[in-house]
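Reader: I should like to learn how the features of a structure such as this one are to be read. May we take them in turn, beginning with the strands?

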Amino acid sequence: MTATRAPQHAPELRAAARHFTHNRRRFLTVTGAAAALAFATNLPGQAHAAPAAGDFDARRIKENPFTLGVASGDPAPSSVLLWTRLAPRPYEADSGLPKSRIRVEWEIAHDERFRRVVRRGSVTAHPEFHHSVHVEVDGLGSDRVLHYRFRAGSWISPTGRTRTAPAPGARTAELRLGVVSCQAYHDGYFTAYQHLAGEDLDAVLHLGDYLYEYAVNATGGERKYTDRRLPAHFNRETVTLEDYRLRYALYKSDPDLRAAHAAHPFVVTWDDHETENNYAGGTPENDVPPEEFLLRRAAAYRAYWENQPLRAPQRPDGPDMRLYRRLRFGRLAQFDILDTRQYRSDQAYGDGWQVPGPESEDPARTMTGATQERWLIDGWRRGARPVWNVLPQQVTFAERRDRATPDFKLSMDSWDGYPASRARILAGAESAGVQNLLVLTGDVHVSYGLDIKKDFRDPTSRTVGTEIVTTSVSSGKDGADKPANWAALTGANPHLKHYHGRRGYTRVTLTAEQARADFRAVAAVSTPGAPVATVASFVTEAGNPGLKPV
């Protein structure tokens, strides 16, 4: 156990927090105090310099500033987002850099040796954003494999590989995806990423819990380091902006995670642990004043954006961040990336596994919030008709009973705790003519393959979609092939076609004819370098939903 401490938020942010009420996430005024809480004071725009300190000559950087690697994300036709963060000393609060802006050069090419450069330019790394860099590069052509790198002074970053999406009308033959979630540093090594980096993929979908707020001791928890000691400031829960920034530095210093980011473009969304376990909208897990939690949420959201390959529309505004968004890959697939944390109703019956009842089944309850729900369904109705409508999101969508008897319980944190919200989503898909709904999920530290039923109370009812739940990268430690509740869950849920409990990732391949899921697992995460194996493979046919083993 570590000692508790009062969060050291800046005084002006604390003063601004008092302008909140418990039931509103937005400010009551547009005063300077409100702007301070929004972390807007002196923040530079995308193309403007910081108003205070002058430039720092990158040639004066004496240590490698690219310790956290490079990343790319959210591929679009002819465009991709490039990311890095300058951090010569990543485990220090200032990353070993002055509070000055630094010029960073970038280039993107057809080849790894950069003999055929497509675009190049420079960007300012601002101290207000912890010297992170987000470069939206356009004019690249569709469906292209590209290589990129950064330069700061005499230092050159590792080379990353990325790709653009197919053109809107393209008849893409195949789309290969890696699906990952839940990477608790203290629970073990990120060996899954070592193997994922070697896969031939078009993109990686990260479905949340990229970071955990929990303390990491000097030996890295279950990693049991003998060759290093981690600084003491990691051995506490993350609460402040400095806490979250340092924790991202710890995670991104992992070589396997860096390798995966360099190998593939990522499409990211969060779950709870990037902020706090099982928070719901503006309601924290623990009993703290609302202004304290919103300060924490603002800090967490800010650090998330700084450390992820996200575009400008995702830049947070205080404790609010528009993370849900839509990506298209030709005529083959549309991805509607959801946020099931920021707008949800509080968990019913105090959270956990509970017998469902009037509180959880209240039609007013929502998992997505009304605005996001309308955005999703309107996007299905008004958009192009892809072969696959893919829904990357966080928590288990299909019903999951803990036992076969009438007194079964359901998880109040999953969609089972929000059945009316789930029913509206499925009704919206049906009314929009969605033929092939594929839900991709993380959160539970195991892999599932589930048929989504029209009526989960009737096992013979029509199958209306497919859910692929990927296991964790490391969370839950080594795991087991068959967890303790394997027999109970498979017996109580006939629509559950696959259940496996070790760490790893899922490879999903989409074609015009079928979607295939290969569930990949590593033997252990308590020691580095474990081998990976495919433990099960399933397909669901276009126009004929329902998982079938391969």
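Reader: In which sense do strand E22 (residues 504-510) and E23 pair, and over how many bridges?

Author: Strands of a sheet pair through backbone hydrogen bonds, either parallel or antiparallel. In this structure, which is a predicted model, E22 and E23 pair in the antiparallel sense over seven bridges. The two strands form a hairpin, with three residues between them. To place the pairing residue by residue, one may note that Tyr505 stands opposite Arg520 in E23.

Reader: Which strand is joined to E23 by nine bridges?

Author: That strand is E24 (residues 532-541), and E23 and E24 run antiparallel. Val522 has Val532 in E24 as its bridge partner.

Reader: How many of the nine residues of strand E23 are buried?

Author: The general idea to keep in mind is that in a regular strand the side chains alternate between the two faces of the sheet. In strand E23 (residues 514-522), seven of the nine residues are buried, so this strand is largely enclosed by the rest of the structure.

Reader: What is the order of the strands in the open sheet of eight strands?

Author: The order is E12-E13-E15-E17-E19-E18-E21-E20, and the pairing is mixed. E12 and strand E20 (479-480) stand at the edges with a single partner strand each, so one side of each is left without a neighbour in the sheet. As an example of a parallel pair, E17 and E19 are joined by four bridges. Within E19, Ile468 is the bridge partner of Leu440.

Reader: Turning to helices, how does the reach of helix H7 stand against the expected value?

Author: One sets the distance between the end C-alpha atoms against the value expected at 1.5 Å a residue. Helix H7 (residues 370-382) has 13 residues and reaches 18 Å from its first C-alpha to its last, close to the 18 Å expected. For H8, also with 13 residues, the end C-alpha atoms are 18 Å apart, which agrees with the 18 Å that it should span.

Reader: Which residues of H7 are buried, and what covers the buried residues of H7?

Author: A residue counts as buried when its relative accessible area is under 20%. In H7 the buried residues are Gln372, Glu373, Trp375, Leu376, Ile377, Gly379 and Trp380. Their cover includes strand E12 (325-329), strand E13 (333-337), strand E15 (388-392), H8 and strand E17 (437-441).

Reader: Which residues are buried in H8?

Author: They are Ala420, Ser421, Arg422, Ile425, Leu426, Gly428 and Ala429. The cover of these buried residues includes H7, E17, strand E18 (447-453) and E19. After H8 comes Gly433, whose phi is positive, near 80°.

Reader: What volume does the second largest pocket have, and which elements give two or more residues to its lining?

Author: A pocket is read through its volume and then its lining. The second largest pocket has a volume of about 720 Å³. It is lined by 28 residues, of which Leu426, Lys453, Lys454, Asp455 and Phe456 are the closest to its centre. Helix H8 (419-431) and strand E19 (463-469) are the elements that give two or more residues to the lining. H8 gives the most, with eight residues.

Reader: How do the residues of this lining divide into nonpolar, polar and charged?

Author: The lining has 14 nonpolar, three polar and 11 charged residues.

Reader: Let us consider single residues in loops. Is Arg344 buried or exposed?

Author: Arg344 is buried, with a relative accessible area of 4%. Its place is in the loop between E13 and strand E14 (353-354). Not counting residues up to four places away in sequence, Arg344 touches Tyr279, Ala280, Gly281, Thr366, Met367, Val395, Asp413 and Tyr418.

Reader: Where is Thr238 found?

Author: Thr238 is found in the loop between strand E10 (203-206) and helix H4 (241-252). Thr238 is buried, with a relative accessible area of 0%. Neighbours within four places in sequence aside, Thr238 is in contact with Glu213, Asp243, Tyr244, Arg247 and Arg296.

Reader: As what does Gly96 count, at 34% relative accessibility?

Author: Partly exposed applies to values between 20% and 50%, so Gly96, at 34%, counts as partly exposed. Gly96 lies in the loop between strand E2 (79-85) and strand E3 (102-109). Its contacts, leaving aside neighbours within four places in sequence, are with Pro88 and Arg89.

How values were computed: Residues numbered from 1 in each chain as written. Predicted model: local features only at pLDDT ≥ 70, side-chain atom pairs only at ≥ 80, totals over all residues. Heavy atoms only, no water. 1 Å grid on protein atoms, 1.4 Å probe; cavity = no way out; pocket = protein on both sides within 12 Å on 5 of 7 lines; lining within 4 Å. Points joined across faces, edges and corners; volume = space filled by probe spheres on them. Nonpolar A, V, L, I, M, F, W, Y, C, P; charged D, E, K, R; others polar. Expected span 1.5 Å × (residues − 1). Buried < 20%, exposed > 50% of the residue type's maximum accessible area, 1.4 Å probe, protein only. Contact = heavy atoms within 4.5 Å. Pairing = 2+ DSSP bridges.
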